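This briefing introduces the structure shown below to a reader who has not met it before. It takes up one helix, then the salt bridges, then the cysteines.

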Amino acid sequence: MATASKTNNNDDDKYNKTDKSEYDKGTNYVAGGIEADPYLFALLIASPFLSLLLAHLTSAEFAAWHPEPPLFFGKLLPLCLQDVGGCVSGVYQAGASVVPTLEAAKFVLSFMGVGLVLERLLPGKIETGPETLTGHVPKYVDNAVAHCFTFSALFVAGSNFGLDFYDFGIIYDLFPGSVAFLNLFGLVFCIFLTFKGRYFPSTQDCGSSGSFLKDFLWGTELYPRVGGLDLKRFVNCRVSMTFWQLAGLSYCYRSYTLHDNTMDYGLFFAALSQYLYLVKFFYWEMGYMRSIDIIVDRAGFEIQWGCLVWVPSVYTFHSRYLVQYPSGLSFPVAALLFVTSILGVVFNYLADRERDVFRATNGKCKVWGKDPTYIKAEYTVLDRKTGKKTQKTSLLLASGFWGVARHFQYFFELTAAWSWCFLSNPMQNGILPLFYASFLTYLLVDRANRDSEKCKLKYGKYYDEYCQLVPYKILPGVY
């Protein structure tokens, strides 16, 4: 594991420049995080309350009051237009009714504790992420697959299917209180990260923008570590992705017990597909550690709170919705959507794998049976302590999936996401369960734009050459 190096006061002064040109120089910072997009920024400000509201909408308490699916355009919107003041008051009261509970806090902290123990104990090969523009090379223990299956086995073993410490539907049962607790925990955690990056950074990829709001939202440090623990990987993967992976199974079980032991095929196949998607994620985790979430986005509210709260709340919303409002899909229809989602998952992995092999072999491989086309790009690494600049090279793949579009893998990811949401049967349950796929579509379009900015900043004219070879960002002929 990479060791954290504490800087002295002079180094702190150097890292905390408030002048924007100094803030940008020598880091992977890209001007315009979420706060540069007015729509995403508005969603960002509303997200803590929205996460509570979504938890309430899928709770047993809400279903007792509203036994029919809350159709947005058919019922909710007309009622709100008739009494706007009453609607605003009702929405506020609904979100405010979701509060932390001691039982939920114990569950969340135990969940994190198991992840932490596995992170420390499970062995794995040492892998590295991309070198930053300050010359830092992050190191990781590649034990993600072992974590994935060990955590799953422990969760099942501890439930009523094993030692009976808790009911297998616990994630659904405690979800409102868990999200409320995670909201508070996430806010405090992000304040800690803001000050840590300013005064006790682990690497030179850190610093202040001069605005506390910007620092809090975007983050002040790229690779924060405490006691050797990589905080970004732990939160993003060991907590967030693991929760998402197990949540669908817990929801499916609760639905089965709630509806007289009747299987909801829409929920079953959505839970199964998402579990397999997350197995793929953990198998490919080192690829994720080389993605824009890790190598560009600093550890601030946008990423860390997002993984702690937004992912559990939104990324499982379409499945959680079905616990109280079953999809009613037949086995053949649900199975067809499941197959579509799995094809999206498989091709998403194949695209990511293709690039990983290309990088690992330094371009000495076949891509779709042919020698790959690529751009040999040069960039400069800056040592911020000495001011020394070093020339480096990277290979930009323009063959195979990466020759179709610069982020063709996003199309496959969206195929899976929309399939999961369609498994909630929006024709019967309305548009609310489509929120996750709609959000992800906008997010990935924004991410593709930010990745282009990052690559343009890093590679300059070489990236322009690459864009001439691969003109489309996600889908040929469309975008």
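Helix α20 covers residues 408-422, and its 15 residues reach 22 Å from the first C-alpha to the last, close to the 21 Å expected at 1.5 Å a residue. The model is predicted. It holds 18 salt bridges, and a search of the whole structure finds 1 disulfide.

**Helix α20**

- Of the 15 residues of α20, 11 are buried, so the helix is largely enclosed by the rest of the structure.
- Among the buried residues of α20 are the aromatic residues Phe 408, Tyr 410, Phe 412 and Trp 420.
- Gln 409, Glu 413 and Ser 419 are also buried in this helix, as are Leu 414, Ala 416, Ala 417 and Cys 421.

**Salt bridges**

- Arg 238 and Glu 119 meet through their side chains in a salt bridge, at 3.0 Å from N to O.
- This pair links distant parts of the chain, with Arg 238 in helix α12 (residues 231-258) and Glu 119 in helix α7 (residues 102-121), 119 residues apart.
- Both Arg 238 and Glu 119 are buried.
- Arg 254 and Asp 167 form another salt bridge, with an N to O distance of 2.5 Å.
- Arg 254 belongs to helix α12 and Asp 167 to the loop between α8 (144-158) and α9 (170-173), so the pair ties together parts that are 87 residues apart in sequence.
- Arg 254 is buried, at a relative accessible area of 12%, whereas Asp 167 is partly exposed, at 29%.
- A salt bridge of 3.1 Å, N to O, brings together the side chains of Lys 196 and Glu 221.
- Lys 196 sits in helix α10 (residues 175-199) and Glu 221 in the loop between α11 (212-218) and β3 (225-226), 25 residues apart.
- Lys 196 and Glu 221 are both buried.
- Glu 119, Arg 233, Arg 238 and Glu 285 are joined into one network by salt bridges that share partners.

**Cysteines**

- Cys 80 and Cys 87 are joined by a disulfide, with an S to S distance of 1.9 Å.
- The torsion about their S-S bond is about 55°, so the disulfide is right-handed.
- Cys 80 is partly exposed, with a relative accessible area of 23%, while Cys 87 counts as buried at 17%.
- Cys 421 is in no disulfide, and the nearest cysteine sulfur, that of Cys 252, is 16 Å away.
- Cys 421 counts as buried, at 0% relative accessibility.
- The sulfur of Cys 467 is 8.2 Å from the closest cysteine sulfur, in Cys 455, which is too far for a bond.
- Cys 467 counts as buried, at 19% relative accessibility.

Key:
Residues numbered from 1 in each chain as written. Predicted model: local features only at pLDDT ≥ 70, side-chain atom pairs only at ≥ 80, totals over all residues. Heavy atoms only, no water. Helix = DSSP H or I, 4+ residues; strand = E, 2+ residues; numbered from the N terminus. Expected span 1.5 Å × (residues − 1). Buried < 20%, exposed > 50% of the residue type's maximum accessible area, 1.4 Å probe, protein only. Salt bridge = Lys/Arg side-chain N within 4 Å of Asp/Glu carboxyl O. Disulfide = S-S within 2.5 Å.
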